[in-house]
Amino acid sequence: MKKCLILFMALMVFACQGAFAAPFDDDGLLRLVNRDEKITKKYVPADLVKPDVPTNKKSQQESIFMRAEAARALEEMFAAAKAEKGYNLLAVSGYRAFGLQQVMFNNKVKAVGSKEKAWRKVAPAGASEHQLGLAQDVICDTYRYLNNGFADTDEGKWLYANCHRFGFIVRYLKEWESITGYAAEPWHFRYLGVNHAAAVHWLNIPYETYAHQAMELPEFVQVKGNAYLLYGVMDNALNGDGCLFEEICNAACDTEAQQMAVIEEMTVYFLPEGISLSQALSGEVH
Ligand SMILES: [Zn+2]
């Protein structure tokens, strides 16, 4: 009886830490947020930190907080843009509380005259992934505007082609408007972690499409799947016959060793020429 109690308490401690949140839960890196899948008023990420990156205005330093893992990845992306290309990226807006999003939405309604028009431009409270602490709006010193012109800058093009290397995706593109429900935002980057971000980038699909399918994968694949495996099985489900997707969903994986064996075996199907399994599993993403 005592043992059970200790085990129960230990489990509660783990659960409360949030480190083991399921990927699509509120604290998970894959949480999908949009007008149909809102986040509650109460949700505040537990591990918000300020990324050490420059902002457009000094006062914006207080508006760029992100969850710790995403903040580190943003720093790496900004540093790589500088080191590889000499670009000076600027952060503009990261975590936003529910209440702040409400104020922004109401201001937009006043500015454009109707809720319907405001909806296309600004997320209503609870429908913005900025509340997750996993999104950041980014511009650069040569183009300091949050508008579509950013997509045509060298910096915007570099981000579009490279952000997945650091775990980010460009969340809203013009051709996806009917699915995402939002107008294009070439400045808005969402953190998913390197493996899922690369898979989404290679598939070139809106996150809604990806997430609804990836939710069906077993949790160990969502958590431990490498970019090649995720790309391969998702491509098979979305564009192919679905057999391989089904195979991984039905694989017998009671132990961690079995899970890793399934991941390794199935990754081999999807490796590009010249990439070995060990390279793929070491997280080398191209
Ligand atoms: Zn944004």
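Colleague: Which residue of β6 is the bridge partner of Y172?
Modeller: This is a predicted model, in which local features need pLDDT of at least 70, side-chain atom pairs count only at pLDDT 80 or more, and totals for chains, interfaces and linings use all residues. Residues are numbered from 1 along each chain as its sequence is written. Strand β6 covers residues 185-191 and runs antiparallel to β5, to which four bridges join it. I169 has R190 as its bridge partner in β6, while the partner of Y172 there is E185.

Colleague: What is the order of the strands in the open sheet?
Modeller: The chain has six strands alongside 13 helices (both are DSSP runs numbered from the N terminus, helices being H or I with at least four residues and strands E with at least two). Two strands pair if DSSP finds at least two bridges between them. Four strands with antiparallel pairing form the open sheet, and their order is β3-β4-β6-β5.

Colleague: Why is one side of β3 and of β5 left without a neighbour in the sheet?
Modeller: β3 is joined by four bridges to the antiparallel strand β4, residues 135-140, where the bridge partner of L89 is C140. Both β3 (89-93) and β5 (168-172) stand at the edges of the sheet, so one side of each lacks a neighbour because each has a single partner strand.

Colleague: How many of the five residues of β5 are buried?
Modeller: A residue is buried if 20 or more other C-beta atoms, placed from the backbone, lie within 10 Å of its own, exposed if there are 12 or fewer, and partly exposed in between. Of the 286 residues of the chain, 35% count as buried. β3 is mostly covered, with four of its five residues buried, and β5 is mostly covered too, with the number of buried residues being five of five.

Colleague: Is G225 buried or exposed?
Modeller: G225 sits in the loop between α9 (219-224) and α10 (227-239). Leaving aside residues up to four places away in sequence, G225 touches N195, L230 and I263 (contact means C-beta atoms, placed from the backbone, within 7 Å). Its C-alpha atom is separated by 9.0 Å from that of M260, which lies 35 residues apart along the chain. Because G225 has 26 C-beta neighbours inside 10 Å, this residue counts as buried.

Colleague: What distance separates the centres of domain 1 and domain 2?
Modeller: The domain assignment, which is automatic or from a database, gives domain 1 (22-194) and domain 2 (216-286). Five residues of domain 1 are in contact with six residues of domain 2. On the side of domain 1 that touches domain 2, four residues are nonpolar, none is polar and one is charged. Taken over C-alpha atoms, the centres of the two domains are separated by 29 Å.

Colleague: What is the radius of gyration of the chain?
Modeller: Along the principal axes, the C-alpha atoms of the chain fill a box of roughly 55 × 55 × 35 Å. The globule rule (2.2 Å times the number of residues to the power 0.38) gives 19 Å for 286 residues. The chain is as compact as a globular protein of that length, because close to this value lies its radius of gyration, taken over C-alpha atoms, of 20 Å.

Definitions and conventions. Two residues are in contact if their C-beta atoms, placed from the backbone, lie within 7 Å. Ala, Val, Leu, Ile, Met, Phe, Trp, Tyr, Cys and Pro count as nonpolar, Asp, Glu, Lys and Arg as charged, and the others, Gly among them, as polar.
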